[in-house]
Amino acid sequence: MNKDLIMKRYGTDVTSLDRVLRTAEGRTDTAALIAMASGGSKDIVSMAKDAVSKAKQKHGNVKLSFPETAYGLPLLYGWKGISDIDIDGAASFLDSLKDAGDATLDDGLLAGENTMYAAEIIEAVRYLDGAPEEGEGFVPDRVLRELGLSFVDETIPGAVLFLGRTDDDRELKKMARDCQSKGMVSCASGDCLEQIKENGIAVGWDRMFYPLGTFTATVHALNFAARAAYSFGSVSEGDRDRLKAYLSKRPKIVVIHMGPLSRLDAAFAFSALLHSAVIVTDQDVTEISGALRSCKDHEDMIQVGIEERGITVKLEPIDLPVAYGPAFEGETVRKPDTYIESGGTRSESFELLTLADENDVEDGKITVVGNDIDKFKKGETIPLGIVVHIYGKDVQSDLEPVIERNIHHFLNYAEGVWHAGQRDSNWIRISNNAVESGIRLEHLGKILVHKIKEEFGKVVTRIQVTVITEPEEVSRQHEKAKKIYEARDERMKGLTDDSVDVFYTCTMCQSFAPDHVCIVAPERLGLCGAINWLDAKASNGLSPNGPNAPVDKGRYINEKKGEWEGTNAVVRAQSHGNVERMCMYSLMDSPMTSCGCFEVVVAMTSDMQAVALVDRDHTGMTPVGMKFSTLAGSIGGGRQTPGFMGIARKYIVSRKFIAAEGGIARVAWMPKRLKEMFADDIRRIGNEAGIPDLYDKIADETVTEDADGLIAWMTEKQHPALNMPPLME
Ligand code: SF4
Ligand code: ZN
């Protein structure tokens, strides 16, 4: 610190200044930190005594106060209940302070407290000789009023206090800009203030960046925060408990400390802790969870502080060359309007969101591997991988699929971008107009970073997106993704509908199918295939008022059909009265509604004896006389259509799959690819049901694509559905 400057401004002598500015050598553990703070506070208190007695000689017993405030010396006001103090009062107050020990955390906190009172008195004494440098020093109440409620309703997400200095000017500029772009209030004191000035970083309240001054001026950050509690939280003088409780919630303060740690810094660190601040230092210290973090990478310090203090950063609108909003969710991009597309069985395509280590996720980083959109020819089908890595200190991996599922909505919101499906059965189209307007793959990344932060920012603090079009890399990453999808499905094994008391709703699709609700049970996942019971449970834990609410099953109405009083009540409420009843395991009696995201359509055959299954990937004709697209068009939108139902692929091999109508033994036809995908499971279920050759009795498109052909095949193979009652009388 600039000693000459401090001595000039504060009229202090060099020995006491030397002592208080003495720095730690090497690694500082908590005990050493407390000892430093304790020593620092004693020095500061004795300096304050000295300042007070000099002031007495010079000015007599005058009142001590700061300009333009209703709270005297605000920290003495709030923490000690002293609303008026003069020189004599200050002297006896300082004499009354008990020295802090140097052993326990309480000693540290006492040292911090003594320090802040002494600092406030030293600063107030300075005002007797005139105001400090222009635009520095005590922050008047007026500023607090101007910031107004935004400071406490978290429109301004937090406050950052810079202490110390860095050797790299660029870093400091970047950090200052980082705070400004995140809408946080910043203050600086000490050396970095000089550095900020030297670098021409604009300061002032209009920039939300305020220079406090040097030395003990750090205290003005604390008395500013405390005054928020007095004026917005009606905390009265001396009410320590309420003051503490208020500060623990807001304003959320992060102290960024750079450079060698002095005894004064250590003492102020404890004052800051008293105000529920989180301190991030670039020094080697023993970390204290929720209070003190060490971070060597200056550019990462603010992010670490934000995470540790639980600050939620609100975002500016996304900067995109196309319009963006829920209004575009329903928009489809037709083939002739398509510039490029991926997936939908036409090319390898997948999307994956996974957790990664703190240090492996650079927040906001977007990487494009391979050619960008404009390097492809119009009308081309391209391989595409979208990989999102997230980090949040409290995020568990069970949230991955829940957040991943939102990729669908988030991308669809962009004008000219159409997204269907999920995981590796997604399908994306980007329109000619959007490409002409300038949309590129990087924008898909921007959308995801922005929206995930907006919706999940309370827990997800870092998001990084990689968009891949390089064919080999797409395949490589796709292989990894498959393993992750499998592992997620694996976690569901062993859970049954009967073994749990609650199911969950999913109403995520109500934005375009307002009456649709998926009831997600262990043995029946959401029809999009992306939300299983565990996912819904995790999502409910994350946002109890979100789309996945628990459903108390209540009393059974019909066990075989899967009808309960509780599920009916929820479906009735969530469909706004449009759906009266819903049978979880039935195709014919009040089946579950379909939004539009289903992977497979179950369709009754024309002789009403069996069902055919067709998935999104199958573009050919089916024995029901309709292709997938036609079937899909007639069952979507949140309606019940007995005899037809949209489901997730995985549900086909669930024990509860249309159990009321005979289960998988009803299935007479499915596309070859789909059938092969589930070959093992179908054989197993067949064996269990005493139909060992069930798999071979299910026809596919190589056998027939029409109704007569199917009837002939079923008769020839003695298909088990022929021995069941017809689906409809
Ligand atoms: Fe939720 Fe169902 Fe929509 Fe999937 S299809 S997101 S489970 S409502
Ligand atoms: Zn849906």
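**Close-up 1. Gly11 and the end of helix α1 in the predicted model**. Immediately following helix α1, Gly11 adopts a positive phi of about 60 degrees in this predicted model.

**Close-up 2. The buried and exposed faces of helix α1**. Within α1, which spans residues 3-10, the buried residues are Leu5, Ile6, Arg9 and Tyr10. Because these residues cover an arc of only 105 degrees around the helix axis, they lie on the same side of α1. An α-helix has 3.6 residues a turn, so residues three or four places apart point the same way. On the face turned away from this buried side, α1 carries the exposed residues Asp4 and Lys8. The buried residues of α1 pack against three helices, namely α2 (14-20), α6 (105-128) and α9 (191-198).

**Close-up 3. The cysteine donors of the zinc ion (ligand 2)**. The protein donors are the SG atoms of Cys509, Cys595 and Cys597, which lie 2.1 to 2.2 Å from the zinc ion (ligand 2). Along the sequence, the donor residues follow the spacing C-x85-C-x1-C. Distant parts of the chain are linked here by Cys509 and Cys595, which are 86 residues apart, with Cys509 in the loop between β15 (502-506) and β16 (518-520) and Cys595 in the loop between α20 (565-574) and β20 (600-604).

**Close-up 4. Burial of the zinc-binding cysteines**. Both Cys509 and Cys595 are buried. With a relative accessible area of 9%, Cys509 falls under the 20% limit and therefore counts as buried. Cys597 also counts as buried because its relative accessibility is 6%, a value under the 20% limit. Where a disulfide requires a pair of cysteine sulfur atoms within 2.5 Å, the count for this model comes to zero disulfides.

**Close-up 5. Met184 and its surroundings**. Met184 is located in the loop between α8 (169-181) and β2 (185-189). Its relative accessibility is 1%, under the 20% limit, so Met184 counts as buried. When residues up to four places away in sequence are left out, Met184 touches Ile156, Pro157, Gly158, Val160, Cys179, Met208, Ile302, Ile306 and Ile311.

**Close-up 6. Met184 and Pro720 as two separated points of the model**. In sequence, Met184 and Pro720 are 536 residues apart, and the C-alpha to C-alpha separation of these two residues in space is 68 Å.

Notes
Residues are numbered from 1 along each chain as its sequence is written. Chains are lettered from A and ligands numbered from 1 in the order in which they are written. This is a predicted model: local features need pLDDT of at least 70, side-chain atom pairs count only at pLDDT 80 or more; totals for chains, interfaces and linings use all residues. Side-chain values use heavy atoms; hydrogens and water are left out. Buried means under 20% relative accessible area, exposed over 50%, partly exposed in between (1.4 Å probe, protein chains only). Helices (H or I, at least four residues) and strands (E, at least two) are DSSP runs, numbered from the N terminus. The arc is that of the directions from the helix axis to the C-beta atoms. Contact means heavy atoms within 4.5 Å. Donors are N, O and S atoms within 2.8 Å of the metal (3.2 Å for Na, K and Ca); water is not among the atoms, so sites may look incomplete.
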